[in-house]
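Visitor: I'd like to learn how to read a few features in a model like this. Can you walk me through some?
Guide: Sure, let's pull it up and go feature by feature.

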Amino acid sequence: MEDIPSREGDACRIAVAKDPVVGLDLKRLDRLDRLSLLVVILLAMTMVVVVHLAPPVKKNAVVRRRVVVLNPGLDRKLSLVERILASDNPRAAHKLLLGLKKNFSYDGRVFMLLGDYHLRVQNPVAAMHNYRQAVDLNPDFLDKNTELFQGRKIKGVLAEVANIIAVRADPAVRKELLYMRRKVAGGCG
Amino acid sequence: MGAVIGIGAVWLSFAGNPANTGICASCFLENVAGALRLHDNIRMQYLRPEIIGFVLGAFALSLARREFVSSGGSSPLLRFFIGALLIVGCSVFIGCPVKMVLRLAAGDLNAVVGFLGLVAGIYIGLAFVENGFRLGEARPLPAAAGLLLPGFMFFLLIAAIIKPEFIAVSSKGAGAEHAPIYLSLAIGLAVGGFAQATQFCITGGIARVFLWGPREVMNCPRSTGLLISLASFFVFALVASMLTGQFHLGIEAQPSSNASYGWSFLGMTLVGFGSILIRGCPLRQLVASGQGDNDAGAAVMGMLVGAATVQNWGIAGDSSGTPVAGQVAVLFGLIFLFVVALVNRRRGYGIAPEFQAGLD
């Protein structure tokens, strides 16, 4: 092993022991070794706790991204709901949407229309909740490069919810609002 | 250097790159991995010309300055794995150290946690480096070995221009958000060239504060100026962000952020620790690989594999927070680095020769 020359007054503190130890010798641990081993044990214990507390994996969460479900029947029903909403009959639209939600819970468009319904009946918090489910199921609703883009409308709802929260603080709603605002702001993922 | 990367990065995000992501080695490598079909996230597939530019810019300038030296053999496989872990840490924080500075310059206060984590990681890494950690000295290699990474990037450049069938391109999502290809390439080349000339490195700049203390600033310009480059990068990016309307001070509604502060801290600790052990942040690895450093090339390939892995295994953080897979990956990464650092120490020794170059 070569000796590294010492440079006095240097910030690079070069210390050469008489009997250097290479690798990890459990009988001759120095302070850095002991501290490191302690940290490794703590990290390993944290990992066990994290894995233990983790919620069960939803298998469809992975499948969702990879499977495109074409359903002309659903498309027709959704455009019917849109027309009913536009004709100012939210109650009928809501009834239809609840049925669709039961059968097509994987399709973001159902939740987007549910959000539209709640917006129409002046319930922006419920609208935000449904928009959240819609964008979680299909991020295209916040993507300017797609036809589904609904960013401006969602931004408007978030502004309304922010006003409500300013008056009536609700931690769960606030948490959801912050999440949605980050989601709307975009990112690289 | 600070002006080139600071203004260049903000210009790129103004011209079409994702918000606060004018330059990000980890996000862009995830895009490149997607374009090469190493993962199947259709929103993250684009051959980012910036990455190509970093390597080719460094390659061209190192040739012009006669600094192209083909070398390697300093624990390349270990660097490969640490390179992969760097991307794991970056993906949990949602950004590499360069993007961390860009996020801070755009007013994102969430990134302060990442900065603190990076500093902590650098401190831990230096504790090992100053106490005998070594990877073995690199030795000269035939020139052809040093040309491998620049050659690969040249191939990617051709592919980015002619867009053959086997290259995937996102039509939506972050992969579809990009500045014009020639602007991205030009800024990438400039950043790569300047970074080669100045040895720019985010973790290196911060590390010098620990190594030299106030002397790093007082001795400027006789010091390397790494810290000055870093500070000027932040200032130029800050001014450019304000001028282009991209500055929004606060912690709410920030792009590429989440509220998992603890995991963001640990993610960047992983990045700081790993970067010190392999001598350089992800950007520095790309630049060094362009000037013939095969060990940095191994780290870059590891980063590319890591970029594919974080997408395939669902490790990356997003607006909702850090997934369990990301939490486990960060903890595993830190344990791995501690073990590597422990078993590669020569107790009783100081800074190994391969780490001394550039410290004076």
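Visitor: Let's begin with G83(B): is G83(B) buried or exposed?
Guide: This is a predicted model, so read everything here as computed. The idea is to compare relative accessible area with a cut-off, and under 20% counts as buried. G83(B) has 0%, so it is buried. You'll find G83(B) in helix 4 of chain B.

Visitor: Which residues does G83(B) touch, leaving out those up to four places away in sequence?
Guide: I278(B), A299(B), G302(B) and M303(B). Take I278(B): 195 residues separate I278(B) from G83(B) in sequence, yet their C-alpha atoms are 8.3 Å apart in space.

Visitor: Staying with helix 4 of chain B, at what angle does it pack against helix 13 of chain B?
Guide: For a helix pair, look at the angle and at the axis distance. Helix 4 (residues 76-93) and helix 13 (residues 261-277) of chain B pack at about 155°, with axes 8 Å apart. Angles over 145 degrees count as roughly antiparallel, so that's what helix 4 and helix 13 of chain B are. Their crossing is left-handed.

Visitor: And how do the residues of that contact divide into nonpolar, polar and charged?
Guide: There are 12 nonpolar, five polar and no charged residues in the contact of helix 4 with helix 13 of chain B. On the helix 4 side they include I82(B), L85(B) and F93(B), and among those on the helix 13 side are W263(B), G267(B) and M268(B).

Visitor: How many residues of helix 2 of chain B are buried?
Guide: For a whole helix, apply the burial test residue by residue. In helix 2 (residues 25-35) of chain B, 11 of 11 residues are buried, E30(B) and N31(B) among them. The cover includes helix 3, helix 4, helix 5, helix 8, helix 14 and helix 15 of chain B. After helix 2 of chain B comes R37(B), with a positive phi near 65°.

Visitor: You mentioned helix 14 of chain B. What about S289(B), which lies in it?
Guide: S289(B) has 1% relative accessibility, so it counts as buried. Beyond four places in sequence, its contacts include V55(B), L149(B) and V300(B).

Visitor: Where is confidence lowest and where is it highest in chain A?
Guide: Check the chain mean, then the elements. Chain A has a mean pLDDT of 82, and 80% of its residues reach 70 or more. Helix 2 (residues 59-66) of chain A is lowest, at a mean of 51, while helix 6 (residues 124-137) of chain A is highest, at 94. Over residues 1-15 of chain A, pLDDT stays under 50.

How values were computed. Residues numbered from 1 in each chain as written. Chains lettered and ligands numbered in written order. Predicted model: local features only at pLDDT ≥ 70, side-chain atom pairs only at ≥ 80, totals over all residues. Heavy atoms only, no water. Buried < 20%, exposed > 50% of the residue type's maximum accessible area, 1.4 Å probe, protein only. Contact = heavy atoms within 4.5 Å. Axes fitted to C-alpha atoms, helices over the stretch in contact; angles between N-to-C directions. Helix = DSSP H or I, 4+ residues; strand = E, 2+ residues; numbered from the N terminus. Parallel < 35°, antiparallel > 145°, perpendicular 65-115°, else oblique. Left-handed = near helix turned anticlockwise from the far one by under 90°. Nonpolar A, V, L, I, M, F, W, Y, C, P; charged D, E, K, R; others polar. pLDDT = per-residue confidence, 0-100.
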